[in-house]
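Trainee: I would like a close look at a single part of this protein. Please take one strand and go through its surroundings slowly.

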Amino acid sequence: MATKIGSLRPAWAFALLCISLSMSTNPSWHAAAKQISYSDHCASIVPEAAPNMYSRATMPLSGNHQAAYYYHQAAYYTGGENILGPSSSRTSNSVSFRVRNVYKTDCAGVLRVETNLRIQISGFDYYDGGDYYGYGQPYFGATSAANGRHWTRSSITFQLEGFWSESSGKLCMVGTSLSRRGDSLNLDVVLKLNNVNNSASVTSLFTGILESLSPSDDKNYFDAISMLMFPQINYKYSLVSGKLNNGRSNLSRGLAPRSGRFCLAFQSLGNLYLKYAPDCSPVKNCTPISAPSGYLPPVMSLYGIDCSESERKMRVLLQYSNNSDFGYYGKFDPKSTLVGEATWDENNKQLQIKACQINVAGSFSTASVEDCSVRIELMFRGVWSIRERDVISGHIWSEKSQKDSGYFPDIMLRGTESSLWQFPDWKYEYTKTESVRKQCPGKNDRKSGRDRYPNWYSPDMRFSMLVKNSEGKIGSGYSYPLFVDDQMYEQYAYDRSASRLNTATSVIGHKNSTVDSHSTSSSEARFNISYHIGFTGPQHEKGKSKSAVFNQSGSSNDRVEISAEGVYDAETGDLCMVGCKSVVSTVEQRANISLDCDILIKIQFPPLNSKRKQVYIVGTIESTRDRSDPLHFERLNVTSVAPYVEDARRFFWWLDLELSLVLASNTFLCIFIGLQIFHVKRHPEVLPFVSVAMLVILTLGQAIPLVLNIEALFLDNRNRQNISLGSGQWLEVNEVLVRVATMIAFLMQFRLLQLIWAARKVDGVGAGLWFQEKKALIVSLLLYAVGALAAIIFSWSSWSDNTAIDPAFAGFASNSQGFSVWGGLKRYAGLILDGFLLPQILLNVFRNSSERALSGSFYLGTTLVRLLPHGYDLYRAQSYLPQVYGSYIYGTPGGDFYSTAWDVIIPLGGLVFAAIIFLQQRFCGACILPKRFRCSVAYQKVPIVDDAQI
């Protein structure tokens, strides 16, 4: 036993090493080990003082935490190319401060500040519990080139300490970078900020510089990084403090946001598409930003950086770009950005904005806000239709005269993105109801009560999708409802409780329904519905697409947007709509697009509560134009890429159940093996008569899954996707327990094998038994070989006759798997484990022994553990959930033969084997053979003659 424990020491040492390594990779384990002298670098800026008590009250960098929940950090940097990489390689240049502690000092007006400063390079990071997490693989500077390795990172975080003077507004801090796994950086820095005052206005900017304290020839030296930040606390609105004069546009009255939802409604308006004056020329300034003449950015994005709900005022950043994907995490460029203030005009129901330019003469540290002459008005439409989907319309103009420098002609804008559910009075005007009624009359063979389909407010009504054209090329996109009858989908889809998501009768009596009364079937479950559908073009070679759904260039980056309206039948799951299509090849064309409204869209939702072959939402998009029409396009097949929410919940419930079953099986297996060890300890004379081949099969059956999961057992799998449907933590705990139980079962099985092997080595005992063991092994191998050949033939036959579970989705599989010999052999290995008693039966036959080598609890209990998955598979087949197929944990189809026939044959065979062992140990090993064969396998008994008889 000592030898056994000793053999385990390397494994436990390896596990402890892995745990310690994983702990050491966490940045929070590495604080700044050395102290940097504050007085050497900052004494002339803010004198050092002794802290005496804790305080957070008046530090401007503490930020407005309530606003920070809704708004991104408005702080940016430039420089540091030799450590952060060239500016062109970065996808972000934002800076984030997180103040950890603020202390009063013995010097009035001077506070000690401890903070973390994060410089973001690419992707996006978020802060959680003291650790910054980043995504992406940006450039990493020359500091790692010395050791021949190229690290990637998305941000650098510094831990800083210093002092802030309330009177001068200066902040000086020193510190070092927080290290990460595989990170050789050790950056000692000093941060100097100016204008960090308690009060702020639109012209206020926190500016400063981050400098390296390393010598210029040191590998950790980097060029200075300049910063600018927009203050977020104690802000006083000055541009919109009074009533703004009316604009030059004739915008009609729009909608107002819900009471108390001003900040939520306007925190991010997404992309607003600009339409410039037709007389703009390359030599004429037509934009409100400091851009070269002739540059006309087609997109403006509006983001809030601070907001006052009580005053209905907001600070905004207006970022101009030629990329509609610039988005939330785009790089900040002060030359193409305006900062301003917005206020709500209650009389005209408009958002009024006054904005200023940001002047950066040199670096960010010298930036200033000036020229606040840009005006913007935004109106939010109250009525939508299939042809008019612009949520926002507006106008940009200059308050200057045409002779003044910086004047620009008026600009019109429109946008389709907004927080719709924050406006209570959105309406939709259905104009294609008659056309839909003619093209989709509805089904007459309704089977009410048998199947349930998603209701209109179910989250299953919105889905991501794949789009396949006639050439077999595949694109991807999304589809989501906007209105159902006169009710906004978003308003209900997020507020309904999970228990009401799929009740098909709760809205049948909807009082305000304007359903299609011309339907040939019951109209109570038929709802008028409008959708927005968007997808990118299926991947194809440029200029070779036969489908005119895309533009003439045939670019795979084309974006198709379809506004559709029609009828959804909640009793049959049929969705039929007429759509208007627009193709957007470039952002510049986004503001000037034409519509093709001769499109028919048919979607079929699968039922929620029945066994079905259709798993995914499927449908078609086709043109109703003549084939000779230039705008005609071939039919597009559509399928969803994810199952229903209800099915997903059931899927995780199945995973919970199967993990629990695996855990219970391994636990009982440990118990049965322990009882067998106890049996041979009480009866050591039976040890040599246990089949070694049988124990080898059982030990390998435990060892192989353990080896395959060794990484998951000891190492942190960083690629694992967390589950957030309420069972994720239980799944992870169960998974660990399963592997621990598997490990214990393997060790106990191996210990039993060791005991049997040691007993066979005793002089005078093992010779004859090894001969019989070899005979049993040869026969077993012959039977296994014949069975393996049969298994391969059976697997090939099953594969050739197999049909896809969801034929509509089968065409979208990019990597279809063909027949696999290895797959057939793996299933056959499971069958060998099911019949693990075969070598013991053959050994008993050849020996014709009646020793009770196996305890009843061992051979019967282990048999039941092996056979129960087949009984569970029969139950699982009656409660069929397609999404679970291919994700089984207990009774895995790839690990054994599972079907209705096999689930009956294998358990019967296993029970027969157990009954044979019982008979052999009660009577004799050859008792199962006919009488005329029993003597051929019996031992010849020789009378024993003792010395007295001689």
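Mentor: What follows is a walk around strand β13, with a short look at the whole chain and at one cavity.

This is a predicted model, in which local features need pLDDT of at least 70, side-chain atom pairs count only at pLDDT 80 or more, and totals for chains, interfaces and linings use all residues. Residues are numbered from 1 along each chain as its sequence is written, and side-chain values use heavy atoms, with hydrogens and water left out.

The protein chain has 18 helices and 30 strands. Helices (H or I, at least four residues) and strands (E, at least two) are DSSP runs, numbered from the N terminus. Of its 950 residues, 49% count as buried; buried means under 20% relative accessible area, exposed over 50%, and partly exposed in between, with a 1.4 Å probe and protein chains only.

Now the strand. β13 covers residues 299-308, and ten of the ten are buried, so β13 is largely enclosed by the rest of the structure. It has a partner in strand β12 (residues 268-275), which runs antiparallel to β13 and is joined to it by five bridges. Two strands pair if DSSP finds at least two bridges between them. Within this pairing, serine 268 has tyrosine 303 of β13 as its bridge partner.

Strand β14 (residues 313-321) also pairs with β13 in the antiparallel sense, over nine bridges. Here glycine 304 stands opposite valine 316 of β14. β13 and β14 form a hairpin with four residues between the strands, and arginine 312 in this hairpin takes a positive phi near 55°. As a general point, side chains in a regular strand alternate between the two faces of the sheet.

Strands elsewhere in the chain help to line a cavity. A search of the whole structure finds three cavities of 30 Å³ or more. On a 1 Å grid over the protein atoms alone, a cavity is a set of points where a 1.4 Å probe fits but cannot get out, and lining residues have an atom within 4 Å of a point. A volume is the space filled by probe spheres set on the points, which are joined across faces, edges and corners.

The second largest cavity holds about 40 Å³. Its lining includes Phe463, Tyr531 and Ile601. β22 (463-468), β25 (526-536) and β28 (596-604) each supply at least two residues of that lining.

Technical notes
On a 1 Å grid over the protein atoms alone, a cavity is a set of points where a 1.4 Å probe fits but cannot get out, and a pocket is an open set with protein on both sides within 12 Å along at least five of seven lines; lining residues have an atom within 4 Å of a point.
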